[in-house]
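Subject: Structure for your review

Hello,

Please find below the structure I promised to pass on. My notes on it follow directly after.

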Amino acid sequence: KKGAAQMAFWNRIRRRKEKQKQQETTEILSQDKAGLVDDAKVPDAADEEPVRLSQEELAAEHIIPKGKAEQKRYIHDCCESVKDCDKQISIAKAEYAQVTEYLTDIQKIDRIAGEDRESLLELCKRIQRLLQERNQYKNRTFTITERQMRRFDRYQDDLIDEIKKMYQNEMYQKAIDSDIRHLEAEKAYIRENQREIIERQDFLKKLARGISVLIGSLVILFIILYFNLDSNMTYPYIGTLALAAVAAAVIFTESNKNRYEIAVSDKKYNKAVELLNRTKIKYVNNISVLDYNREKFGVKNAADFENLWGEYCKTKEYERRFRDNTEQLSKSNDSLQRLLDSYGVNDTEVWLVQTYAILDDREMVEIRHDLNQRRQKLREQIKYNTDTKEDYEQHIRKVVEESEFGREILKEVLDK
């Protein structure tokens, strides 16, 4: 039976692997006992190449089916195997034809000579150079984001003017901040000056009350002395009145002066407040303009705006160069394909990414060697599947000839 044959086949493989694993275990244990095991030198099982089966182990095993049901199942399985072999042969032959076509193309390219050869080499050098430049453009790193690029694209004609305006607004903002600090300091100074004037005015009031009390006391004293001692108090009276007049004149003058200074201070304070209010309006408007433009262009300040604009210009220049490079590369590729096509090269497109091989004979030898190895493997695959197919067909014929139901079974299987 085919199932029994397959089971025996896999049992042999399993026993072989178990035997190999047991040998490896024995070797490791012997090294442990001798103290010679080095963990760094133990091969990793994942890195080992899998054990390949020999041709004898890969050879199909056949059985002698008995009974109509067994014979039918056996012929059906053999026919399925023949179909699988045919499929693999077809795939391998198609790949073989393609590899052969590649080798033929290499021969055709090698036969290109004269001016066409010079043109071919020049085109390949140009394509290589353009590809290197293209990789450099792709590997460029910029601090500006794609979103920032698209945002600047909408205003690319006005960016320089907008940067200048932002610098001017920031300088104007510094001037406004300075004016606000100056006016706040002026207000504080005026308030302090008014406080001092008020203190002086209060002092004059207290002085006036004190002098009034003193003069009143002197007048009472003089009256008492006049009636009790019968003294002449004319001069003391005159002196007291003169003192009172001088004191009153000084106090009145200083009081008027203080009132004038307070009035002037109030005017200065009101002026400072008006200027401060106007400056605050300028502050709010200028800050609003700055915040709006920063949000509009996605920048932190004018310096950041200028740096991003520089990155934007570099990026736009690289994009332009990349487009030019793409256009030149496309033209060079078309020219190379036309030249190769004129010499009958079948697959011209594959050579667009293998121009290095056309320029370097050693690379071409490597490609040719690789293709020959691939052809050899394909020949082996075709031969194996052809031999296996013939083997299955031979056994099908044998069963059909030896069984009394052979032809009937074969017809039923083929009709399906």
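Gln376 is in helix H10, which covers residues 361–402. The model is a predicted one, so please read every value here as computed from that prediction. With a relative accessibility of 35%, Gln376 counts as partly exposed. Its C-alpha is 9.1 Å from that of Tyr96, although the two positions lie 280 residues apart in sequence numbering.

A second pair of this kind is Thr100 and Arg374. They are 274 residues apart in sequence, and their C-alpha atoms are 9.8 Å apart in space. Thr100 belongs to helix H3, residues 68–110. At 24% relative accessibility, Thr100 is partly exposed, because that value falls between the 20% limit for buried and the 50% limit for exposed.

Overall make-up

The protein chain contains 11 helices and zero strands. Read from the N terminus, the order of elements is therefore α-α-α-α-α-α-α-α-α-α-α. The chain has 416 residues, and 26% of them count as buried.

Helix packing

Two helix pairs are worth listing.

- H6 (residues 159–229) and H7 (residues 234–297) have axes that come within 6 Å and cross at roughly 165 degrees. An angle over 145 degrees counts as roughly antiparallel, so H6 and H7 are roughly antiparallel to each other. The crossing of H6 past H7 is left-handed.
- H4 (residues 114–138) packs with H8 at an angle of about 150 degrees, and their axes are 9 Å apart. By the cut-off of 145 degrees, H4 and H8 are therefore roughly antiparallel as well. H4 also passes H8 in a left-handed crossing.

Salt bridges

How many salt bridges does a search of the whole structure find? The total is 21. Three of them are described here.

Lys316 and Asp153 meet through their side chains, with an N to O distance of 3.5 Å. This pair links distant parts of the chain: Lys316 sits in helix H8 (residues 302–342) and Asp153 in helix H5 (residues 146–153), 163 residues apart. Lys316 has 27% relative accessibility and counts as partly exposed. Asp153, at 22%, is partly exposed too. Both residues also take part in a network of salt bridges that links Glu146, Arg150, Asp153, Lys316 and Glu319.

Arg195 and Glu199 form a salt bridge at 2.5 Å, N to O. What separates these two residues along helix H6? They are four residues apart, which means a separation of about one helical turn. Arg195 is partly exposed, with a relative accessible area of 39%, and Glu199 is partly exposed at 43%.

Glu317 and Arg321 form a salt bridge at 3.2 Å, N to O. Both lie in helix H8, four residues apart, or about one turn of the helix. Glu317 has a relative accessible area of 28%, which makes it partly exposed. Arg321 is also partly exposed, at 37% relative accessibility.

Surface patch

Which residues form a nonpolar patch on the surface? They are Ile223, Tyr226 and Phe227, with about 330 Å² of accessible area together. Ile223 is found in helix H6, the helix that also holds Arg195 and Glu199. The relative accessible area of Ile223 is 37%, so Ile223 counts as partly exposed. That value also passes the patch cut-off, because patch residues need over 30% relative accessible area.

To recap the points to look at on screen: the C-alpha pairs Gln376 with Tyr96 and Thr100 with Arg374, the left-handed crossings of H6 past H7 and of H4 past H8, the salt-bridge network that includes Lys316 and Asp153, and the nonpolar patch that includes Ile223.

Regards

Terms used
Residues numbered from 1 in each chain as written. Predicted model: local features only at pLDDT ≥ 70, side-chain atom pairs only at ≥ 80, totals over all residues. Heavy atoms only, no water. Patch = residues over 30% accessible without salt bridge, like charges linked within 9 Å, V, L, I, M, F, W, Y side chains within 5 Å. Areas by Shrake-Rupley, 256 points an atom, 1.4 Å probe, with all protein chains shown as cover. Salt bridge = Lys/Arg side-chain N within 4 Å of Asp/Glu carboxyl O. Buried < 20%, exposed > 50% of the residue type's maximum accessible area, 1.4 Å probe, protein only. Axes fitted to C-alpha atoms, helices over the stretch in contact; angles between N-to-C directions. Parallel < 35°, antiparallel > 145°, perpendicular 65-115°, else oblique. Left-handed = near helix turned anticlockwise from the far one by under 90°.
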